[in-house]
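Have the sequence and the 3D view ready. We will walk through the fold step by step, from strands to core to single residues.

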Amino acid sequence: MSKSSEPVVLEEAVGRYVHLTAGGVRYRIYFEEAGSGPVLLCLHTAGADSRQFRQMINDRELTSQYRVIAFDLPWHGRSLPPDGWWREEYLLTTDSYLQIIHAFADALELRSPIVLGCSMAGSIVLELARRTPDRWRAVIGLSGALKVHGRFQDWSLRPDVNAQQSVPSWTYSLMAPSSPEEWRREVWWIYSQGGPGIYRGDTYFYSEDLDLTEKTEEFDTKRCPVYLFTGEYDHACTADETQEAISRISGARGGRMAGIGHFPMAENYPLFREYLLPALDEISEADTAMAPPENPATAAGT
């Protein structure tokens with residue numbers, strides 16, 4: 001069948017905007033969603049946006065069981081900066097990041113979502129689990145660690161550097177050479193559209209502000225299960241760094257993903273879902289095991 005005769009496809013994903021306040025600042029935030037059931041809330045990488053999750057949102061097997069939601073942080077994708085953004089340097093901090101996530105979950109009235117994040121978001125989900133474990137059904141971190149070094153750099157601000165080419169080309173190197181080129185180029189394209197200084201500002205949180213190395217005893221994975229996965233080709237946050245976090249957080253699970261890099265849900269989703277679906281099944285099974293037994297009288301309708 002030629003491309004001209006291929007059938008029209010109308011995706012099930014729905015995009016909307018929500019107006020909310022986080023940390024005393026008013027934001028207009030774009031999000032997409034599809035499916036129904038328990039919520040799987042997806043958080044994108046530094047300098048990018050929720051388009052990275054388009055394959056997950058279009059996975060009908062997944063959306064038949066979960067309501068998959070992905071939103072653009074302010075300054076990213078289709079979420080504009082707040083009023084007066086030009087008056088100060090953009091630097092994402094742990095507290096401001098957490099405030100936005102909490103405010104978004106509150107605005108949509110999300111009850112105990114599973115939170116999945118990649119790269120900087122793979123680390124913020126750890127802080128969500130540590131600070132507010134009873135609010136989340138579980139967290140799944142991709143390319144996350146207790147502390148990531150060396151990512152905050154000023155070179156992308158130099159006037160003689162084309163950040164719209166250099167930043168995506170730098171991130172391109174983080175993917176597995178075996179991942180389909182079409183999807184690797186898609187990751188590159190999304191990064192080429194980031195606002196000036198936004199990738200750098202995000203890495204401030206990821207590489208400078210967050211440090212959980214001395215806080216691993218504060219996790220309670222019985223209240224909020226923690227899963228961490230990192231691709232073997234990732235050299236920004238290595239699989240060894242993630243494995244260290246798993247070994248130091250009692251009850252954490254996950255490990256190295258073979259044949260994949262820093263952007264698993266975007267660079268090779270079919271391979272990534274081989275790790276994702278079993279983790280989701282484990283979370284669901286744990287919930288079922290912990291559920292109170294059904295009252296026979298209630299079951300009989302008496």
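Start at a hairpin: strand 1 and strand 2 are joined with two residues between them. Gly-23 sits in that turn and has a positive phi of about 60°. This is a predicted model, where local features need pLDDT of at least 70, side-chain atom pairs count only at pLDDT 80 or more, and totals for chains, interfaces and linings use all residues. Residues are numbered from 1 along each chain as its sequence is written, and side-chain values use heavy atoms, with hydrogens and water left out.

Some terms come first. Helices (H or I, at least four residues) and strands (E, at least two) are DSSP runs, numbered from the N terminus. Two strands pair if DSSP finds at least two bridges between them. Buried means under 20% relative accessible area, exposed means over 50%, and partly exposed lies in between (1.4 Å probe, protein chains only).

Now look along the hairpin. Strand 1 (residues 14-22) runs antiparallel to strand 2, and nine bridges join them. Tyr-17 stands opposite Tyr-30 in strand 2. Tyr-17 has another partner too: the charged end of Arg-28 sits over its ring, 3.6 Å from the centre. Such a charge is counted if NZ of Lys or CZ of Arg is within 6 Å of the ring centre and within 35 degrees of the ring normal.

How many of the 10 residues of strand 2 are buried? Seven are, so strand 2 is largely enclosed by the rest of the structure. Strand 2 also pairs with strand 4, in the antiparallel sense, over four bridges. Here Glu-33 stands opposite Ile-69, and Glu-32 stands opposite Ala-70.

Strand 4 (residues 67-71) is mostly covered, with four of its five residues buried. Strand 3 (residues 39-43) runs parallel to strand 4, and five bridges join them. One bridge pair is Val-39 with Arg-67.

Next, go inside. In soluble globular proteins, nonpolar side chains tend to be buried together. A nonpolar core is a set of buried Ala, Val, Leu, Ile, Met, Phe, Trp, Tyr and Cys residues joined through side-chain atoms within 4.5 Å. The largest one here has 64 residues. Those with the most contacts inside it are Leu-43, Phe-71, Tyr-97, Phe-104 and Ile-124. Apart from that core lies another, of 28 residues, among them Ala-70, Ile-114, Cys-118 and Ile-140.

Take Phe-104 as an example. Contact means heavy atoms within 4.5 Å. Not counting residues up to four places away in sequence, Phe-104 touches Val-18, Leu-20, Ile-29, Phe-31, Leu-41, Ile-69, Phe-71 and Leu-110.

Rings of Phe, Tyr and Trp (its six-membered ring) pair if their centres lie within 6.5 Å; planes under 30 degrees apart count as stacked, over 60 as edge-to-face and the rest as tilted. By this rule there are 11 aromatic pairs. One of them, Phe-31 with Phe-104, is edge-to-face, at 5.6 Å centre to centre and 75° between the planes. Phe-31 lies in strand 2 (residues 25-34) and Phe-104 in helix 3 (residues 94-107), so the pair ties together parts that are 73 residues apart in sequence. Both rings belong to buried residues. Elsewhere, ring pairs link Tyr-27, Trp-75 and Tyr-90 into a cluster.

Now find Leu-116, in strand 5 (residues 114-118). Leu-116 is buried, with a relative accessible area of 0%. Leaving aside neighbours within four places in sequence, its contacts include Leu-40, Phe-53, Ile-140 and Phe-272.

Is Arg-137 buried or exposed? Arg-137 is buried, at 18% relative accessible area. Its place is the loop between helix 4 (120-131) and strand 6 (138-142). Beyond four places in sequence, Arg-137 touches residues including Pro-38, Tyr-66 and Asp-287.

Tyr-206 belongs to helix 7 (residues 198-209) and counts as buried, at 2% relative accessibility. Tyr-206 and Ser-119 are 87 residues apart in sequence, yet 8.1 Å apart in space, C-alpha to C-alpha.

Finish further along the chain. Strand 7 (residues 226-231) and strand 8 (residues 253-257) pair in the parallel sense over five bridges. Leu-228 has Gly-254 as its bridge partner in strand 8.
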